[in-house]
Amino acid sequence: MTETSPPRVQLELPPHIPVSNWTLSKSVIRLLGTLCTSENPLLWSVWLGRRNKQADVEGPYYVLGAPDRQIEEGKGVLASSTSLKVQHTPFLMTVRVISHSGAPVPNAVLDWWQADTEGNYYFADYTLRGRVTTDSDGCAEVLTVVPGMYGSPHFRRAGHFHVWVHAPTKREGDIAWDDLTTQLYVCEANDSHALESDIANYYRKPRLGNMVHAWNVPTGSDSSLNGENAVKTYMSLPPLAADDMATFKRVEWWNTQLADHGLKIVCGANVEIRLSEKVGWL
């Protein structure tokens with residue numbers, strides 16, 4: 001029996017959507033407010049930082065009004081075709097949102113923002129910013145780029161994705177979940193050393209548990225490596241496990257959609273985000 005190719009969808013790599021001056025102004029006002037309340041270091045450590053071990057600080061670069069980037073249920077695209085073709089490497093991030101007991105949380109909205117591979121954030125438009133909603137299994141697959149490190153040598157931030165998980169609206173009889181703001185870290189060779197020297201550690205304790213275990217899709221021979229079966233690797237990441245058929249199927253689906261653009265998934269990661277049950281009215 002011959003295998004059939006994954007179905008094709010109309011893959012729209014997002015254009016540059018401008019951010020208005022009014023939206024930027026509101027975002028700055030909001031930032032100043034959060035620095036005095038929820039993002040205040042003392043309040044964060046005893047409030048949001050204690051409610052979920054995956055919680056992390058929001059940081060100063062959130063912009064209101066990020067657009068919906070969904071192209072199909074549980075699938076979204078953040079990176080433009082120009083970015084993927086010319087500047088950066090396609091990265092497939094799969095996030096599964098679950099409850100404290102491990103049950104999937106569908107219809108959670110991931111509000112996502114990040115730097116590009118050179119460590120640059122964008123504010124004139126919504127480049128590398130957007131929203132994706134989890135599917136019935138609590139999963140969201142996001143096509144994006146590897147987030148780069150940034151800052152000076154002694155005040156450097158490890159590469160990371162910012163994700164604000166908006167819990168689904170509570171219906172009668174359902175459990176109410178806390179929203180969660182977190183950062184998911186991508187480190188060279190999956191080495192957490194970069195997190196140990198992250199400047200955010202001056203703000204809160206190191207979030208070593210938020211480092212994703214990224215993988216690489218081998219792309220061919222590399223003469224700089226020893227051995228007949230040596231393969232090219234990106235960021236010295238380990239190869240995707242041969243028995244991880246679910247991820248291979250995801251990569252195959254995305255590669256089918258990207259074929260018309262001359263692109264392929266090079267690397268990625270899978271991570272679970274566990275929501276906490278809401279307690280009280282806060």
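Select β3 to start: nine of its nine residues are buried, so this strand is largely enclosed by the rest of the structure. Keep in mind that you are viewing a predicted model.

**Stop 1: the two faces of β3**

Colour P90, L92, T94, R96 and I98. They lie on one side of β3, and each of them is buried. Now colour F91, M93, V95 and V97. These sit on the other side, and they are buried too. Both faces of the strand are covered.

**Stop 2: the neighbours of β3**

Add β6 to your selection. β3 and β6 run antiparallel and are joined by seven bridges. Zoom in on M93 and you will find V142 of β6 opposite.

Next, add β12. β3 and β12 run parallel, with eight bridges between them. Which residue of β12 is the bridge partner of F91? Click on C267 to see that partner.

**Stop 3: the whole sheet**

Widen the view to six strands. They form an open sheet with mixed pairing, in the order β1-β2-β6-β3-β12-β11. Which are the edge strands? They are β1 (70-72) and β11 (215-216), and each pairs on one side only.

Stay with β11. Two bridges pair β11 with β12, in the antiparallel sense. Select W215 and look across to G268 in β12, which stands opposite.

Now show helix α6, residues 245-258. The helix packs on the sheet and touches β1, β2 (75-77), β3, β6, β11 and β12. Compare its direction with that of β6: the two make about 50°.

**Stop 4: a loop residue**

Follow the chain out of α6. K264 is in the loop between α6 and β12. Is K264 buried or exposed? Its relative accessibility is 60%, and the cut-off for exposed is over 50%, so K264 counts as exposed.

Show what K264 touches. Leaving out residues up to four places away in sequence, its contacts are P90, N255 and L258. P90 is one of the buried residues of β3 from the first stop. Then pick the C-alpha atoms of K264 and W254. These residues are 10 apart along the chain, and the two atoms are separated by 7.7 Å.

**Stop 5: the nonpolar cores**

Select F91, M93, V95, V165, L184 and L275. They touch the most other members of the largest nonpolar core, which has 34 residues. Several elements give two or more residues to this core: β3 (90-98), β4 (109-114), β6 (139-145), β9 (160-166), β10 (180-185) and β12 (267-274).

Centre on V165. Not counting residues up to four places away in sequence, V165 touches V97, A108, V109, L110, D179, L180, I273 and L275.

There is also a second, separate core of 18 residues. Find V77, L92, L128 and L258, which are among its members.

**Stop 6: two cysteines**

Select C36 and then C187. C36 has a relative accessible area of 58%, so it is exposed. C187 has a relative accessible area of 2%, so it is buried. Look for disulfides anywhere in the structure and you will find zero.

**Last stop: the full chain**

Zoom out. The protein chain has six helices and 12 strands. Of its 282 residues, 48% count as buried. Turn on the surface: the chain exposes about 14600 Å², and carbon and sulfur atoms supply 55% of that area. Finally, consider contacts between residues at least 6 apart in sequence. Of these, 74% join residues at least 24 apart.

Definitions and conventions: Residues numbered from 1 in each chain as written. Predicted model: local features only at pLDDT ≥ 70, side-chain atom pairs only at ≥ 80, totals over all residues. Heavy atoms only, no water. Disulfide = S-S within 2.5 Å. Buried < 20%, exposed > 50% of the residue type's maximum accessible area, 1.4 Å probe, protein only. Core = buried A, V, L, I, M, F, W, Y, C linked by side-chain atoms within 4.5 Å. Helix = DSSP H or I, 4+ residues; strand = E, 2+ residues; numbered from the N terminus. Contact = heavy atoms within 4.5 Å. Pairing = 2+ DSSP bridges. Axes fitted to C-alpha atoms, helices over the stretch in contact; angles between N-to-C directions. Areas by Shrake-Rupley, 256 points an atom, 1.4 Å probe, with all protein chains shown as cover.
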